[in-house]
Amino acid sequence: MKIYARLPLSQKIILPFLIVFLVVLIVGVMIIGSWFTKSLETNIQEDMKMANPWVSREFGEQIELLMIENRKLSNLETLKTALDTGNYNSIFEQVTPLQEELELDWLKIVDAQNKIVVDLRSQPIKVSKINHKIDINNGINGLPVSDLVNIKDLSLGLIITTSLIKSENNVLGAIVFGRLVTPKLLEEFKKGMNIDLVAWNPEFKIIASTLPEVTQMNWNPPKINQSPKNITIKNQSYLAETIGLGGKNQNALLITILYSTTRLEEGKKLLWIELVQLLLAGVLVVTITGFLIARAITYSLKNFIHVTQKLAAQDLTVRVTINSSDELGKVGIAFNKMAEQLAEREYLLQNQLDQLSQALSELKRTQSQLIQSEKMSSLGQLVAGVAHEINNPVSFIYGNIEYVKQYTTDLLKLIRIYQEFYPDNPDEIITVLEDIDLDFIIKDLPNLVNSIQSGADRIHKIVLSLRNFSRLDESEIKTVDIHEGIENSLILLNHRLNSKIEVIKNYSNLPKIECYVASLNQVFMAILTNGIDAIEEADIENSRNPTIIINTEMNDSDHIRIRIRDNGHGIPAHIQERIFDPFFTTKPIGKGTGLSLAIAYQIIQKHQAEIQVHSSENKGTEFIIILPIKYTPTDIISPFKFSSP
């Protein structure tokens with residue numbers, strides 16, 4: 001009683017129900033088990049009674065089928081003609097295929113003088129002596145229609161049927177069919193019955209069996225008409241009964257019918273296992289039922305405990321379920337009011353925390369924008385100053401190079417005319433001409449002037465690209481050709497492209513668009529720079545041609561699409577969604593700030609545009625920018641998208 005008193009309330013309710021149910025269930029299981037066991041034994045006895053006539057009937061049907069085939073052959077006219085005329089070769093040719101077709105182990109034909117015409121045998125009885133005689137002279141009355149013969153030297157049994165071959169006036173001969181008693185034949189006898197068969201001869205030699213483990217052995221089967229008895233074969237228990245199948249000789253073949261009592265024992269065992277399972281299932285059902293009853297009784301107390309634990313775990317949304325208006329119900333109402341007040345205070349604190357977190361995020365974004373803006377402003381001023389300072393002397397060179405070229409051409413022309421009219425020069429002039437190699441100067445000076453002009457053109461284009469890229473004087477919306485910004489970015493990155501990276505440009509005929517020119521140039525510069533970095537990091541020169549492909553096309557009637565693709569190492573899937581985060585970079589410290597793509601994304605947002613990223617590791621990355629042709633100020637932020645091709 002002390003132990004029972006210390007149990008929880010739910011177990012105190014369950015335990016009495018469980019004990020009473022167990023007693024009732026155990027008694028019921030014992031009664032049911034005994035009844036089923038007796039039923040199984042009765043079923044076995046009924047099966048044994050049915051098996052005896054069943055096997056005898058199957059044996060008779062087998063003989064009848066063999067007899068039908070025998071008579072068909074004996075009535076064959078071609079066979080009668082051949083036997084009457086003595087054409088034994090024709091007989092042999094006719095009957096030989098029938099042995100295999102009818103699955104015969106013995107096929108014998110004799111003529112009217114009892115002379116053997118054909119004697120075909122299967123391998124087991126090829127040279128055996130078969131104790132079976134045919135006396136044609138005795139006629140039909142003396143000729144056995146069917147018989148069962150034991151081949152003693154081989155412990156085999158042979159089912160035999162015989163038919164006379166008759167013409168209209170006399171007997172021409174006889175046909176004998178023989179089929180061995182085999183395990184396959186016994187399987188046909190027992191078809192549909194849950195039994196096994198063993199065929200044996202009066203010398204207790206086993207002829208055939210449906211039990212594969214049974215071989216020639218000494219055994220003591222029950223006698224004919226003896227009541228079924230238990231025997232053991234190969235450590236297996238059977239209930240056995242013997243029947244005799246006779247031919248010309250009484251009981252030439254004995255068949256013992258075996259019913260496995262091992263299966264009976266296994267059935268009993270399985271029955272008790274199922275009953276025990278039923279017992280366990282009943283215990284489980286009673287336990288669950290008792291638990292549900294106890295739970296209904298102790299629900300209110302457990303509800304208070306559960307809600308208290310949830311509140312302690314910072315789950316402020318739970319409340320006590322009130323199902324009554326008694327003292328527990330009043331306590332529950334007060335408890336719920338306390339929980340609501342606690343949740344309100346938690347909500348206020350969380351709201352303040354969210355505001356602080358949002359303010360911090362805005363501060364970081366503003367900081368990154370200010371840093372990049374100041375950097376680009378300083379860089380723009382520096383670029384503009386450098387471009388201006390370089391442009392002045394370059395302008396002098398660029399403006400005067402044509403005059404130098406013209407003057408050089410005139411001087412060289414004068415020298416050629418002078419040489420034509422005054423071919424004989426004084427020694428002093430000849431010496432100077434040899435020292436300065438005048439012929440080489442005349443040949444190389446035009447090339448030198450052209451080279452200077454080409455260099456001046458190059459410097460002029462670079463200065464122009466620097467001024468176009470910075471565009472400090474164009475901070476407002478302008479209508480521009482987008483290809484100019486791309487080309488300016490490529491010119492400024494030419495020192496990194498060189499001849500190692502091939503740039504393929506597929507430009508379509510696009511209309512001019514309204515945009516912030518310097519900002520979009522910054523986007524192109526960021527994407528191209530990242531593409532070059534990816535190609536260099538991938539070190540792909542030996543595997544495939546490093547390539548950047550730029551395509552421009554119409555997206556629809558109101559938007560253009562720019563696609564910039566590289567065949568670098570690609571962006572890993574797990575970091576694709578972070579590449580536009582401020583200060584996120586995979587580059588070593590000091591090489592990347594993590595701001596270029598973040599600022600590029602903000603510029604795309606400012607243009608109400610869309611940027612997509614398609615990337616797969618070791619296959620490259622493609623940035624797709626969709627820009628509106630007409631700029632419309634709005635506060636809507638366009639999303640960027642990721643996918644892996």
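These are my notes on a helix pair and a strand in this predicted model.

**Entry 1: the helix pair**

I began with helix α10 (residues 482-492) and helix α12 (residues 517-538), whose axes come within 9 Å and cross at roughly 45°. Angles from 65 to 115 degrees would be roughly perpendicular and those under 35 roughly parallel, so α10 and α12 count as oblique to each other. I also looked up the hand of the crossing of α10 and α12, and it is right-handed.

Next I asked which residues of α10 meet α12. On the α10 side I found Ile482, Gly485, Ile486, Ser489, Leu490 and Leu492. Their counterparts in α12 are Leu520, Asn521, Phe524, Met525 and Leu528. By type, the residues of this contact are eight nonpolar and three polar, with no charged ones.

**Entry 2: strand β17**

Then I turned to β17 (residues 620-628): is this strand enclosed or open? Nine of its nine residues are buried, so β17 is largely enclosed by the rest of the structure. I checked the two faces of β17 separately, and both are covered. Gly620, Glu622, Ile624, Ile626 and Pro628 are buried on one side, and Thr621, Phe623, Ile625 and Leu627 on the other.

**Entry 3: the partners of β17**

I looked up what pairs with β17. Strand β15 (residues 559-566) does so in the antiparallel sense over eight bridges, and its aspartate 566 has threonine 621 of β17 as bridge partner. Strand β16 (residues 610-616) is also antiparallel to β17, over seven bridges. Here serine 616 stands opposite glycine 620 of β17.

My last stop was the turn: β16 and β17 form a hairpin with three residues between them. Asparagine 618, in that turn, has a positive phi of about 70°.

Conventions: Residues numbered from 1 in each chain as written. Predicted model: local features only at pLDDT ≥ 70, side-chain atom pairs only at ≥ 80, totals over all residues. Heavy atoms only, no water. Axes fitted to C-alpha atoms, helices over the stretch in contact; angles between N-to-C directions. Helix = DSSP H or I, 4+ residues; strand = E, 2+ residues; numbered from the N terminus. Parallel < 35°, antiparallel > 145°, perpendicular 65-115°, else oblique. Left-handed = near helix turned anticlockwise from the far one by under 90°. Contact = heavy atoms within 4.5 Å. Nonpolar A, V, L, I, M, F, W, Y, C, P; charged D, E, K, R; others polar. Buried < 20%, exposed > 50% of the residue type's maximum accessible area, 1.4 Å probe, protein only. Pairing = 2+ DSSP bridges.
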